[in-house]
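Work through the exercises below with the structure at hand, and try each task before reading its solution.

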Amino acid sequence: MKAYILSDGEFETEKLRRLECLVKRCLGERGFEITEKRLAPEELAYCIGCFSCWIKKPGECLIKDTMAEINRGTMTCDVVVYLCPVVFGQFSANIKNAIDRWVPNVLPFFIIRPDGSTIHPARYKTNPRFVMIGYGENLSEKDVQLFIDITKKHHLNREVLIYNNNDEETASELLTIELERTGDRL
C-alpha cells in the first residue's frame with residue numbers, strides 16, 4: 001500500500017514537523033510505503049482556467065511545474081494525506097492551489113449529487129482516499145467547523161481531522177479510518 005503526504009512548506013513550524021512524524025508513524029504501522037512532498041509557493045503556478053487538461057491533453061495539465069509530479073504521485077497511491085494549516089477557517093493558499101490544480105483528474109461534465117449540489121465526476125474508476133488534517137495555533141471553534149464543513153461539502157471522499165496537539169487522539173483516528181482506494185466517488 002502506498003501513501004502520499006502533502007504539506008505546505010510556507011507554514012513550516014514545529015507543530016507541522018511533529019504532525020508529519022505522527023502521520024508517518026501511523027501510516028508506517030499500517031504498512032504504507034510513504035512519499036512526502038512539502039510544497040513551496042514558488043513550485044506551483046496558478047490554474048489559468050484554459051481547460052487544456054480536459055480538451056487538448058485529457059488528464060494532463062499543460063503547465064509544466066511540480067503539480068505534474070504531485071498528480072502522478074497521488075493517483076498511484078491508496079491514500080493522500082494533506083497536512084493543512086487552517087487560515088481563517090480555510091485551506092492555506094498553497095494547499096488550495098494544489099487542490100485546484102488536481103482538476104485534470106476529473107471530467108469536464110457535471111453531475112448532481114443527492115443534496116442538489118453539482119460536482120465534476122471522477123476521470124478514473126478508482127481514486128485515492130483523501131485525508132485532510134487541519135492544524136494551527138489557537139484555532140477557534142468557528143474556524144475548525146468552517147474548515148470541516150467546506151472540506152466535506154466539496155469532497156465526499158475526504159476524511160477531515162483536526163490536530164490539536166493531542167497525538168494520541170490523532171493517532172487513534174488515523175489508525176481506525178479506512179485508508180484504501182475508493183471507487184469513482186470524489
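**Exercise 1.** Determine which residues of S3 lie on each side of the strand, and whether they are buried or exposed.

*Solution.* Begin with one side of S3 in this predicted model, where Val-79, Val-81, Leu-83 and Pro-85 are found, and then turn to the other, which holds Val-80, Tyr-82 and Cys-84. Next, apply the cut-off, by which a residue is buried when its relative accessible area is under 20%; the residues on both sides are all buried, and both faces are thus covered. Finally, since 7 of the 7 residues in S3 (residues 79-85) are buried, the strand is largely enclosed by the rest of the structure.

**Exercise 2.** Find which strands are joined to S3 by bridges, and which residues stand opposite Val-80.

*Solution.* Start with S1 (residues 2-8), which runs parallel to S3 and is joined to it by 5 bridges; here Tyr-4 has Val-80 as its bridge partner. Then take S6 (residues 129-135), also parallel to S3 and linked to it through 7 bridges, where Phe-130 stands opposite Val-80.

**Exercise 3.** Place the strand within the whole chain by stating how many helices and strands there are, and in what order they run.

*Solution.* Count the elements, which gives 5 helices and 7 strands, and then read them from the N terminus as β-α-β-α-β-α-β-β-β-α-β-α. The radius of gyration is 16 Å, close to the 16 Å that the globule rule gives for 186 residues, so the chain is as compact as a globular protein of that length. As a last step, consider burial across the chain, where 47% of the 186 residues are buried.

Note on methods
Residues are numbered from 1 along each chain as its sequence is written. This is a predicted model: local features need pLDDT of at least 70, side-chain atom pairs count only at pLDDT 80 or more; totals for chains, interfaces and linings use all residues. Side-chain values use heavy atoms; hydrogens and water are left out. Helices (H or I, at least four residues) and strands (E, at least two) are DSSP runs, numbered from the N terminus. The radius of gyration is taken over C-alpha atoms; the globule rule is 2.2 Å times the number of residues to the power 0.38. Buried means under 20% relative accessible area, exposed over 50%, partly exposed in between (1.4 Å probe, protein chains only). Two strands pair if DSSP finds at least two bridges between them.
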